[in-house]
Amino acid sequence: MAEFFEATAGTAAVERRDARRRLGFGVRGFADRLFALATLGLGLLILSILFGLALALLFGSADSIQKFGLRFVVSTDWDPANDQYGALPFIYGTIVSSLIALLIAVPLSLGTALYLSETAPEWLSRRLGFLVELLAAIPSVVYGLWGIFVLGPWLRDHVEPVLGATLGFTPLFRGPRISVSMLCAGVLLAIMVLPYIASVCTDVFRAVPRTQREAALALGATRWEMVRTAVLPYGRSGIIGAIILGLGRALGETIAVAMVIGNRPEISASLFAPSATLASVIANEFAEATSTLYLSSLMELGLVLLAVGLLLNVAARVLVLSAKRGEGEGR
Amino acid sequence: MISPAVAVSREFRRKLKSDLMIAVTALATLLALVPLFLVLGYLISKGASSLNLDFFIRTPRPVGEPGGGMANAIVGTFELVGMACLAGVPIGIGAGLYLAEHPLSTLGRAIRFAADITMGMPSIVIGIFAYAVVVRPMHEFSALAGAFALAVIMIPLVTRTTEEMVKLVPRELREAALALGVPRWRTSLSIVVRTALTGIATGVILAIARIAGETAPLLFTAFGNQFWSTSVTHPIAALTVQVYAFAISPFADWQRQAWAGALVLTCIVLALEIGVRWMTSGAARVPR
């Protein structure tokens, strides 16, 4: 009898507790709200990281912005000894090295992506895709090390003489040959951004609807004509997005470039000459920057990098997302 | 009218062109993978010969003295990555849960966007951020600053994988738990996260592989150290920074050590990458 009363009392207590919880009161309702608040807080933390990043760089470079203004981005004078700072040599070096990288990497990545998505059988495509991803997994300092001791000397001894002999009439391929150069940085960057472009393009091609391909084939197209008339046009914005993504990687790549580019803040027409990029000069000089203005100028270089990176990332994501919208209908 | 012979030859040319272009794409794939094998080959041939027991148990020797190793740098890398995980894993998973539960809200979109942008940020810029936020107020390079930079790189990676993985958890599972009277927070942690745990763990391990190989954000935060140090408030050595410093040095002995260090570093990173993919049979992918 006593047990019965205890049991009903228990049920009543459970019912009361459930009612409280439904109304959002009580320990468990409180715990739920606390949990929701905690995840919200962590989400907001990510927003604040991005804002903090931009603010820290903006405040950090305030001195330099005040002193040099717009002159900073058009001046070629980088002279820490006299506290004069201009970013143009680095902007030039960043753009040219990234362009070389894209010139080499884009055709190769497109070929790779087409082979992986169109031609290779499933089992081979999976394995090759895995190897391409490994290419992206190798740390950049390892690429830099390989660049210093293997790629650089090889380019100097075997590639640059050929380029000089055939294209030496242009100022691009003239001048003394040393193992650290703009060309070496560009080639190394090409190797490093290729897996990013290739893997995004593979996804984009796979998202091309089956009906598009079948329509082309049904009209009598050969396999290549199918690719040219159905796959490539359909994936155009995705390809452009992938290239911009690769460009973003190339612009911001730091340590490997710092190791092979030679770090000379001069604009030289020759690709055989050493140069420097925004990221490489920050890596080289930041820890040793002695004056406040010096440090502030380096931070402003970082700010330029941040602004460019922001723009490219937004553009790339919009393009890739719109291209992958058809996902699931593909193969 | 086209004569049959011309039609056949045109057909043949088109077919030939198609086959040729397909061969070109295969060749491009081959060419793209050549550097992978070259880099790995050089690493093994140059690194393995410089690798010995001393490398794992000794600290670097001054110039001119042969021998020495990178024991302090190996420990430093583990310490930096460990500290970054301590902050990065819970924050990343929590934020990922938020994104999965509020996929379409304005705030959710904004946070997802911020995570994607931070993910694509050049890592050197994140190094400057860590310098401004941690090194400057402390007036010293420190392991803490290095770990902060690595955590900032790690958080968006973990967030986005968690979100993707949690979205794969069937709705019915969550509803069943709620119907049984399990409170929401416990449903999230012990049903949803638990179900998605393999995927989340994969994401975390891939993020670890990524930050273990970072050099640029450590240059002026953790700074590197030639001596034993595990203090969080002092400069600390890291494998990547040590390899960088030795690689650009003019001394043959140090350059040999750089190859050995690069081999060890690559082995760690690739073991994590390959191990994870092998265990999950290639299903998991980290968003880039």
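**Elements first.** A helix here is a DSSP run of H or I with at least four residues, a strand is a run of E with at least two, and numbering starts at the N terminus. With that settled, I read along chain A from the N terminus and got α-α-α-α-α-α-α-α-α-α-α-α-α-α. That is 14 helices and zero strands for chain A.

**How far to trust it.** I'm looking at a predicted model. I noted ipTM 0.93 and pTM 0.91 for the model. For chain B I looked up the mean pLDDT, which is 91, with 96% of the residues at 70 or more.

**Chain A, overall.** Chain A has 331 residues, and 47% of them count as buried. I also checked how far its contacts reach along the sequence. Taking pairs in chain A at least 6 apart in sequence, 76% of the contacts link residues at least 24 apart.

**Domains of chain A.** The assignment splits chain A into domain 1 (2–60) and domain 2 (65–324). Their centres, over C-alpha atoms, sit 46 Å from each other. I looked at where they touch: four residues of domain 1 of chain A meet five residues of domain 2 of chain A. On the domain 1 side of that contact in chain A I found three nonpolar residues, one polar and no charged.

**Domains of chain B.** Then I did the same for chain B, which has domain 1 (4–50) and domain 2 (56–279). Here the C-alpha centres are 36 Å apart. The contact in chain B involves six residues from domain 1 and seven from domain 2. The domain 1 side in chain B is made of three nonpolar, two polar and one charged residues.

**Where A meets B.** Next I turned to the two chains together: 72 residues of chain A touch 73 residues of chain B. Which helix of chain A gives the most to that side? I found helix H2 (residues 26–60) of chain A, with 19 residues. By class, the chain A side holds 50 nonpolar, 16 polar and six charged residues.

**The core.** I looked up the largest nonpolar core and got 183 residues, with Leu188(A) and Ile197(A) having the most contacts inside it. Helix H8 (residues 182–206) of chain A supplies the largest share of this core, 19 residues. I then followed Ile197(A) outward, ignoring its neighbours within four places in sequence. Its contacts are Ala105(A), Val106(A), Ser109(A), Ala242(A), Ile243(A), Leu245(A) and Gly246(A).

**H9 of chain B.** Helix H9 (residues 197–212) of chain B runs for 16 residues and spans 22 Å from first to last C-alpha, close to the 22 Å expected at 1.5 Å a residue. I listed its buried residues, among them Ile200(B), Val204(B), Leu206(B), Ile208(B), Arg210(B) and Ile211(B). What do the buried residues of H9(B) pack against? In chain B I noted helix H3 (71–101), helix H6 (143–167), helix H8 (184–195) and helix H11 (252–279), and from chain A there is helix H6 (122–137).

**Arg71(A).** Last stop was Arg71(A), which sits in helix H4 (residues 71–74) of chain A. Why does Arg71(A) count as partly exposed? I get 13 C-beta neighbours inside 10 Å for Arg71(A), and a residue is exposed at 12 or fewer and buried at 20 or more, so Arg71(A) falls in between. I also took the C-alpha distance from Arg71(A) to Ala56(A): 22 Å in space, for 15 residues in sequence.

Terms used: Residues are numbered from 1 along each chain as its sequence is written. Chains are lettered from A and ligands numbered from 1 in the order in which they are written. This is a predicted model: local features need pLDDT of at least 70, side-chain atom pairs count only at pLDDT 80 or more; totals for chains, interfaces and linings use all residues. Domain bounds come from an automatic or database domain assignment. Ala, Val, Leu, Ile, Met, Phe, Trp, Tyr, Cys and Pro count as nonpolar, Asp, Glu, Lys and Arg as charged, and the others, Gly among them, as polar. pLDDT is the predictor's confidence in each residue, from 0 to 100. The expected span of a helix is 1.5 Å times one less than its number of residues. A nonpolar core is a set of buried Ala, Val, Leu, Ile, Met, Phe, Trp, Tyr and Cys residues joined through C-beta atoms within 7 Å.
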